[in-house]
Every structure is written in C-alpha cells, then in structure tokens.
Amino acid sequence: MRFFWIWNGMRIKQGMIIVTSAFFAAIILFIEGGDLAVFTNNNVPLAIDHVKSEDKRLALTFDISWGETKALPILEELKQNKVKASFFISGAWAERHPEIVEQIAKDGHEIGNLGYRYENYTSMKDEEIKKDIIRSNEAIKKVTDDQPELLRPPNGNFDKRVLILSEKFNYTVIHWSLDSEDWKNPGVDKIVQNVTTQADPGDIILMHASDSAKQTVEAIPEMISVLKKKGYSFVTVSELVSNAKINTKEVK
C-alpha cells in the first residue's frame, strides 16, 4: 500500500521558509481535470488549494480570460457587498481590456496571473511555459504597475515542472478547494447552493468573470448574503494565507 501526503499551506512572500520534513516524500493535490501536482522534496515549492483557518474566512477568486460584459457588473456587486476578492487574469485579456484591469485594482482587489494564452501548461514545454508566464506578467504589470505574486495555471492544471518554474519567477501557485461550477451555467440557485452548502473555513472558491459565465453576476449577492449570515467573512487569497498553517493528511 502506498502513502501520499496532501499539504494545504503556502509561501506567499519571497524569503519565507519552506516547511519540509524528511518523512514526507510526495505531495498530491487532486485537481479536477485529472492532472496532479506530484512528487516533491526539500527544494520543490507547494501549491495552495485551501488554508487551515481558525476563523470563518473565505477567499473568492475570479478567473478572466475573455469578454468584457461580465467583469464590471461583478465588480459592482462586490463593491455593493463590501467584499474584496482575488482576480486571476490572462495577459492577453489584460492587453485587450486595460481599463477593466485598472478598475479591478482601483477597487482594491488582488490581481493574479492566469497565463497569457490560456493554454494547458502540462502540455507545454518548459521554455513555452516560461515565455507564457513572463509575457503575461509583463502585460499585467504594464497596466497595474505592480508585480503579481500569485499564479493560477490555465484551467488549473499543473505538475511538478510548473511548480518549479513558477517558483523561479517568485510565484505561488493557487488552486481552489471549492468550485462554484458557475462555468457550467447551471442556474443561479445552483451556483449559490454549490458554494453555500459546502463552504468551510479557509476555502478558496473558484468563480469566473469571463463572458462565458452568464449567471455569476446574479448569484453573487445571494451567495454573499447567505455566507455572511453563517458568520463568514471574505478576504483576498494573500490575506487568507498570510497566517497559514501547513496541514497534512495521509491518503491511502
């Protein structure tokens, strides 16, 4: 019987000590879509999908890779509900819609890198991944004047290579622990239910602000209202993990 370890925690600032142990030989982060972040040692960084939180804090994250009709209404809903979120944007989208990127930053939300071309990194060569990350980074920084610190690989798919390459660019890879499935457009009520009935402290929630997610805007106010009534508060990913505890769990 083989044993693996799932780690939930992160390094969010350059220079933070990476916590390791000689007894832990491998990491597995289960990812929808079949790819795994596999095999680690003392020199391989971790990816984050959930944070062990003593407080009922959640991080809303929105991926954007195309379209311009949904992002601004989503920003308005977040403003009305006084919620800060983390937006992972593709570099190509940032180039096409710099005014929306500026509004995201102006509203105080966190901006992360979603790659440039929005293509699966696990099917790309190392040099292609490097070029994609750099190009996206430059596109985002050109608009915001800030260096993104978080990377969500396109489609959430990554492997050991992506973790190592991301670390070289001082990025922390961010996945998610709760998928709203808004990308399926299952209905507003279903999106709300997917999140509010499954949320746990420390969850990183996946949502979308691309035009393909047609029901997200309507789902946000009800979702936030229900979660706030349950005692939850909302923070950015970086705020969520700033006091993170590494949590290990044995999986057979």
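Select helix α1, residues 71–80, in this predicted model. Ala71, Ile74, Leu75 and Leu78 are its residues to colour, as these four are buried. Looking down the axis, you should find them on the same side of α1, because they cover an arc of only 100°. An α-helix has 3.6 residues a turn, so residues three or four places apart point the same way.

Next, show what surrounds that side. The buried residues of α1 pack against two strands named again below, β5 and β6. They also pack against α2 (91–96), α3 (98–106), β11 (204–208) and α7 (216–229). Following α1 is Lys82, with a positive phi near 55°.

Now move to the strands and select Phe62 and Phe87. A search of the whole structure finds one aromatic pair, and these two residues form it: the ring centres are 5.1 Å apart and the planes meet at 20°, so the pair counts as stacked. Phe62 belongs to strand β5 (residues 57–64) and Phe87 to strand β6 (residues 86–89); with their positions 25 residues apart, the pair links distant parts of the chain. Both Phe62 and Phe87 are buried.

Two charged side chains over rings come next. Select Lys56 with Tyr232: Lys56 lies over the ring face, 4.6 Å from the ring centre. Then select Arg152 with Phe88, where Arg152 lies over the face of Phe88 at 4.4 Å from the ring centre.

Finish at Ser238, in helix α8 (residues 237–241). Ser238 counts as buried because its relative accessibility is 17%, under the 20% limit. Add Glu110 to the selection: the side chains of Ser238 and Glu110 make a polar contact at 2.3 Å.

Notes
Residues are numbered from 1 along each chain as its sequence is written. This is a predicted model: local features need pLDDT of at least 70, side-chain atom pairs count only at pLDDT 80 or more; totals for chains, interfaces and linings use all residues. Side-chain values use heavy atoms; hydrogens and water are left out. Rings of Phe, Tyr and Trp (its six-membered ring) pair if their centres lie within 6.5 Å; planes under 30 degrees apart count as stacked, over 60 as edge-to-face and the rest as tilted. Buried means under 20% relative accessible area, exposed over 50%, partly exposed in between (1.4 Å probe, protein chains only). A charge sits over a ring if NZ of Lys or CZ of Arg is within 6 Å of the ring centre and within 35 degrees of the ring normal. A polar contact is a pair of N or O atoms within 3.5 Å; within protein, one must be able to donate a hydrogen and the other to accept it, and residues adjacent in sequence count only if both atoms are side-chain atoms. The arc is that of the directions from the helix axis to the C-beta atoms. Contact means heavy atoms within 4.5 Å.
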